[in-house]
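Trainee: I have just opened this one and could use some company while I look around. Could you walk me through a few spots?

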Amino acid sequence: MSGIEVSETSTKCLAVFRFVRGWKIMEWNNCHAFPAEDALEMILLFDQNGVITCANAAARTKLGYGEEICGGHISSIFPGVFKSAGETGGADAVFNGGMQNLMAYRKNLTCFPVEAKVVEKEESGIRVCMMNDMLEKEFLNKKIEQMEQETQQASKVKSEFVANVTHELRTPVNGILGNVRELLDLETDARKLRSLHLMERCCEDMHKLINNILDFSKLDAGKFVLDPQKFNLREMLDYIKSNHVNRITEKGLEFFMTVSPQIPEVVVGDELRIVQILNNVLSNAQKFTSVGKISLEVLPTAMMDDNVELFFIVVDTGIGIDKADQDKLFKSFSQVDASISRKYGGTGLGLNICKQLVELMGGNISLESVRNKGTTVSFSIWVQIPEEEREAMAARREMLVPISHRDGEDGEATDIKEYGTEANREELKKNLSKLILCVEMENWEKAEMFMESIRQLTENAPREVSMLVLRLKMAVQKENYDKISVNLEGLKALIDME
């Protein structure tokens, strides 16, 4: 169409193309000014007689006609699909508007498969044919498939390499650790004993690093599988406490652990991985806290059929983290800055592994922190309750002694611990008022006391109330006035809505 003036037909072509593609159209009088000139797909415009009026660069090049394609007949591209020039009816064999797999012929009469679609504008009679080269598509699909296979193979090689390296590292570390422990039983010199204990601690730390790297490799390769077993949850928590209390108190810190009486005794879950998460979070709290206290709280936040959501809160008064740096903590091999790694050690894998383990257990993990004031790490997981434990929990609930009783209008005793009753609402409002007063006076010790009463009063509350109480409790523990105010207003609004 090179050198041809704009005609009525070409004007109609523009209208059709605007209808088909919705693109911005500019005036053109040759193929190079065609609005779809640079489109990746091949595009042809032809009239009612099958004469090609315009083609974009992709069509001119791939079909091999060059500029000669304009003025040619569509049947030369699709013989057998469109009637040849001069035959009655021209190009009446128009597609049904859907995509079709056809063979397109080049100028040299070689052919190649295409995915094609024809759209017709009835009032103008101009048709637009859009087609994609299936050879290129198949080639690209094969390349993508090949790249995926290569990626999978590389991941497999990496996993095998990590497994072999960690296994080889364990052998000498275990050898050193075994000899050190033998010497500990024989040595009496205090100075040498200190050195041996240091070597023992270094070997244990090396074991932790090796395990972290191996776990990360399995998680990264998608080969990590949980192993749920029945275990005693309270005994596990006692083990966690005994495992950390000495190390924490050695630094002159206080350690508190609070377990809700509503927590089931026996659950079904991956005990080893729950212990791993708690050990990591508590070790971080101990590592980054020099003055103050560390606390662990465990409570149920939701039940669904025979499953319970357990919520864990670890609060410390350590160095804290700037808000801008907090997202880094859950990324692989990432720490806030290089000085953290130099001063405190670690690979930066711990919290990333914890995050993935928590998500595998159907929960999530979050962190709140203020620089130089401390950090709160909270996470939730779902575990199953065995049938015999569900019966035991029901019996324990019946035996629970309420905070107090009040006489209702009908003279019957009403348990104020039963969330939603009038007595419960009144008691909640009183405790909230006292909590606000303590916060205003910055009497944080009494504020925590009233906060515990509020928590007990909302033990059977809906999940949104329970979660809001948890956030309020964490804000009180952190002495964060702004968050206390926000959560208090939200809790009061929920209580008034009930």
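Trainee: Let me start small: does L109 count as buried or exposed?

Mentor: L109 counts as exposed, because its relative accessibility is 68%, where exposed means over 50% relative accessible area, buried means under 20%, and partly exposed is in between, with a 1.4 Å probe and protein chains only. Before we go on, note that this is a predicted model, in which local features need pLDDT of at least 70 and side-chain atom pairs count only at pLDDT 80 or more, while totals for chains, interfaces and linings use all residues. Residues are numbered from 1 along each chain as its sequence is written, and side-chain values use heavy atoms, with hydrogens and water left out.

Trainee: Where does L109 sit, then?

Mentor: L109 is in the loop between β3 (100-105) and β4 (111-120), with strands (E, at least two residues) and helices (H or I, at least four) taken as DSSP runs numbered from the N terminus. The phi of L109 is near 70°, which is a positive value in a residue other than glycine.

Trainee: Which loop holds D305?

Mentor: D305 lies in the loop between β9 (293-304) and β10 (307-316), and D305 also has a positive phi, of about 55°, although it is not a glycine. With a relative accessible area of 72%, D305 is exposed.

Trainee: Switching to charges, how many salt bridges does a search of the whole structure find?

Mentor: The search finds 16 salt bridges, each being a side-chain nitrogen of Lys or Arg within 4 Å of a carboxyl oxygen of Asp or Glu. In general, side chains of opposite charge can pair when their charged atoms come close.

Trainee: What does E68 pair with?

Mentor: The side chain of E68 meets that of K107 in a salt bridge, at 2.8 Å from N to O. E68 is in the loop between α2 and β3 and K107 in the loop between β3 and β4, so the pair ties together parts that are 39 residues apart in sequence. E68 counts as exposed at 52% relative accessibility, while K107 is partly exposed, with a relative accessible area of 41%.

Trainee: And which residue forms a salt bridge with E297?

Mentor: That partner is R455, with the closest N and O atoms 3.9 Å apart. Since E297 lies in strand β9 and R455 in helix α11 (residues 444-457), the pair ties together parts that are 158 residues apart in sequence. E297 is buried, with a relative accessible area of 5%, and R455 is buried as well, with 7%. Both belong to a network of salt bridges that links E297, E452, R455 and K473.

Trainee: What else touches R455, say from the loop between β7 and β8?

Mentor: S260, which is in that loop between β7 (254-259) and β8 (266-269), has R455 among its contacts, along with R234, V298, L299, P300 and E459, leaving aside neighbours within four places in sequence. Contact here means heavy atoms within 4.5 Å. At 3% relative accessibility, S260 counts as buried.

Trainee: Last topic: at what angle do the axes of α5 and α6 cross?

Mentor: The axes of helix α5 (residues 233-250) and helix α6 (residues 271-287) cross at roughly 25° and come within 11 Å, the axes being lines fitted to C-alpha atoms over the stretch in contact, with angles from 0 to 180 degrees between N-to-C directions. That makes α5 roughly parallel to α6, a term for angles under 35 degrees. Residues making the contact include M236, L237 and Y239 of α5 and E271, I274 and V275 of α6.

Notes:
Parallel < 35°, antiparallel > 145°, perpendicular 65-115°, else oblique.
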